[in-house]
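Student: I am new to this structure and would like to find my way around. Could you take me through it one question at a time?

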Amino acid sequence: MSYLVLARKWRPQTFEAIRGQDHIVRALRNAISSGRIAHAYLFTGIRGVGKTSAARVLAKALNCVSGPTPTPCNACPSCREITEGRSGDVLEIDGASNTGVEDVRRLREAVRYPPVRGPHRVYIIDEVHMLSTAAFNALLKTLEEPPAHVVFVLATTDPHKIPVTILSRCQQFDFKRLSLREMTALLADVAHAEGIAADEKSLAALAREAEGSVRDGQSLLDQVFSYAGESVTYEDVRDVLGVVDRDLLFGVARAVVERDARRVVEALAEAERFGYDVRRFGHDLLDVFRDLTVIKALGEAEDLVDLAAEEVAAAREFLVPTSWEEIHALFDILSRGIDTLRGASRPGPLLEMTLLKMAKLPPVLPLSEVLARARAGPGAGEGGGGGAGGRPSASGHTGVEAAAGKTADPAPRDPGPGDRAAGASAEAAAAPSAAVAAVPAGEAPVPRGEAEVWEALLRGAEGANRPFWHVLRAHGRLEAWDPDGKVAAVVLDDPGHEFFVRSKLELLTRILAEAAGPGARVELRFEARQGRGRGRDGARETDRARSAKREALEHPLVREAMEIFEGDVEEVRVLKP
């Protein structure tokens, strides 16, 4: 007797033997038990997941001597004939070879004849999406109202190619890919039944190569059995199938996460010695980083990743000092790097440089931590503070330097945008042309000259709030200083900054009080700069343009960005429709 390959030998013969499709098995068995058997079914899914096998089991269940029954006996003449493919009541038609109208017409003539042995005549049309449009149209009427003894089972890997008129006449069942664990367990059962020893790592590698297809997995297992004999090792699987060594892949991923550039280069050199395909290596490595990202994000994720138990345990260990933002940034860099490999003449150096970039990437700080450090000022991350403890950010600086600059406002936190708006409105209503505030301070020698006072104001603003200092330096001047009354008249030539400057009036007054003593106060006045906003014809800006600029400068997000990045708005342009 000729050898029967594993994919045919272990084809499911009962509903219980169909693996990974519990939702479909349950629906079909319940339909048979309750007598709610449809006249047309559509089985969809990738190759090798059991579509045709389920159609044959359904035919057995309908034509079994004790049927219709959800548990066909596989012993009666009808079941044996269906198993051996010689039943006159079950006709399997290849849709790829019978695509024309004439083929469908012959089918329409044949459905009128009653079954020979069982109560039903079952037509299984495989790869039905290959039928022509005319053939589908010819099939419509028969598919919608076939004789009572006829059941159609259509199988396809491309359901989107089937006309909606056909889909609406069928009950559709979608067969899913088997997960890595389901496939590994199935291959382990086959190996055990065949009397061949195979460890879990070897079976997992085969299951990973099968990509969810049972038939592919059994065919690969058959191929390895032929090479290895009665005992299969991971090295046998690697040699026969040319798969990338998982230890090497996982070692590269770990070296990247731990920022060990030397180990990364050495591992790539080892992969080159093994002759691995660079593009395949990169895609497999991307899958590993996907799993690491999921583990870091979810914690308990064994059922959501394609890693062995020992790999999951090792990943949890070396991912402890790494934040989710960092591991996701590494995944993003690798993903974009792999995209460049497709048309590259030398993909090896490109992948190597991508991995080195990942290994040299400084740790990434979460934005919330950057903002917290910016508001806390220098030294916030030192001496037992929370967060990353001042480690470098992606730009190579510490989190405080990158986000907060040199100094921060020593005063209490400035009011939020809503509070500032309310305060500014109240001040504007009370004093439209000037704003006056006074804050007592300790005794200090009163400066006599205007230059000395202005320098003190600028110096204090620079140390307290750099965005405010930028505005004051660029648009302000000290118009007058009364040393006896301790009153400083400050004029700003850009009304667009009025809201922002008024919100800092208390700060400015406190700076003056520290320089001139208690009772010092600041009077603000805003005037348009001469020639500002003139167009080519010399006309002034319209009220609408000035309003738009003021609205943009007073927007809370703009103010927040200026404070965080210590910047200034150089220009506001009104885009014309």
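Tutor: Gladly! This is a predicted model, and we can begin at Thr 156, which has a relative accessibility of 0% and therefore counts as buried.

Student: Where is the place of Thr 156?

Tutor: Look along residues 150–156, which form a strand. Thr 156 belongs to that run, so low accessibility and strand go together here only as a description: the residue counts as buried at 0%. The element that holds Thr 156 is strand E4.

Student: With which side chain does the side chain of Thr 156 make a polar contact?

Tutor: The side chain of Thr 156 also reaches a backbone nitrogen, that of Asp 158, at 3.0 Å. Among the residues that Thr 156 touches beyond four places in sequence are Leu 42, Phe 43, Val 128 and Ile 162. The side-chain partner in the polar contact, at 2.7 Å, is His 129.

Student: Phe 43 came up just now. How many aromatic pairs does a search of the whole structure find?

Tutor: Phe 43 takes part in a cluster, where ring pairs link it with Tyr 41, Phe 173 and Phe 175. Counted over the whole structure, the aromatic pairs number eight.

Student: How are the rings of Phe 43 and Phe 173 arranged?

Tutor: Their centres are 6.0 Å apart and their planes meet at 75°. Planes over 60 degrees apart count as edge-to-face. The pair of Phe 43 and Phe 173 is therefore edge-to-face.

Student: How many residues apart in sequence are the parts that this pair ties together?

Tutor: Phe 43 is buried at 0%, and Phe 173 is buried at 14%. Phe 43 lies in strand E1 and Phe 173 in strand E5, so the parts tied together are separated in sequence by 130 residues.

Student: In which helices do Phe 250 and Phe 318 lie?

Tutor: Both Phe 250 and Phe 318 are buried. Their ring centres are 5.8 Å apart with planes at 70°, so this pair is edge-to-face. The pair ties together parts 68 residues apart in sequence, because Phe 250 lies in helix H12 and Phe 318 in helix H15.

Student: Which residues touch the most other members of the largest nonpolar core?

Tutor: That core has 43 residues. Helices H12, H13, H14, H15, H16 and H17 each supply at least two of its residues. The residues touching the most other members are Phe 281, Leu 285, Phe 289, Leu 292, Leu 334 and Leu 355.

Student: What is Leu 355 in contact with, leaving aside its neighbours within four places in sequence?

Tutor: Leu 285 and Leu 334 appear here again, as two of its contacts. The full set for Leu 355 is Val 252, Val 256, Val 264, Leu 268, Leu 285 and Leu 334.

Student: Is Ile 327 buried or exposed?

Tutor: Ile 327 has its place in helix H16. Beyond four places in sequence, the residues it touches include Phe 289, Leu 292 and Lys 296. Its relative accessibility is 0%, so Ile 327 counts as buried.

Student: And Val 320, is that residue buried or exposed?

Tutor: Val 320 is found in the loop between H15 and H16. Its relative accessible area is 60%, and the cut-off for exposed is over 50%. Val 320 is therefore exposed.

Student: Which elements do the buried residues of H9 pack against?

Tutor: Helix H9 covers residues 200–210, and its buried residues include Leu 203, Leu 206 and Ala 210. After the helix comes Glu 211, with a positive phi near 55°. The elements packed against the buried residues of H9 are helix H8, strand E6, helix H10, strand E7 and helix H11.

Student: Over the ring of which residue does the charged end of Arg 473 sit?

Tutor: A similar question can be asked of Lys 201, which lies over the face of Tyr 234 at 4.5 Å from the ring centre. For Arg 473, the distance to the ring centre is 4.3 Å, and the ring belongs to Trp 469.

Student: Where in the protein is confidence lowest?

Tutor: The mean pLDDT of the protein is 80. Over residues 381–444, pLDDT stays under 50, and over residues 531–540 it is below 50. Confidence is highest in strand E1, at 96, and lowest, at a mean of 36, in helix H19.

Methods:
Residues are numbered from 1 along each chain as its sequence is written. Side-chain values use heavy atoms; hydrogens and water are left out. A nonpolar core is a set of buried Ala, Val, Leu, Ile, Met, Phe, Trp, Tyr and Cys residues joined through side-chain atoms within 4.5 Å. Buried means under 20% relative accessible area, exposed over 50%, partly exposed in between (1.4 Å probe, protein chains only). Helices (H or I, at least four residues) and strands (E, at least two) are DSSP runs, numbered from the N terminus. Contact means heavy atoms within 4.5 Å. A polar contact is a pair of N or O atoms within 3.5 Å; within protein, one must be able to donate a hydrogen and the other to accept it, and residues adjacent in sequence count only if both atoms are side-chain atoms. pLDDT is the predictor's confidence in each residue, from 0 to 100. Rings of Phe, Tyr and Trp (its six-membered ring) pair if their centres lie within 6.5 Å; planes under 30 degrees apart count as stacked, over 60 as edge-to-face and the rest as tilted. A charge sits over a ring if NZ of Lys or CZ of Arg is within 6 Å of the ring centre and within 35 degrees of the ring normal.
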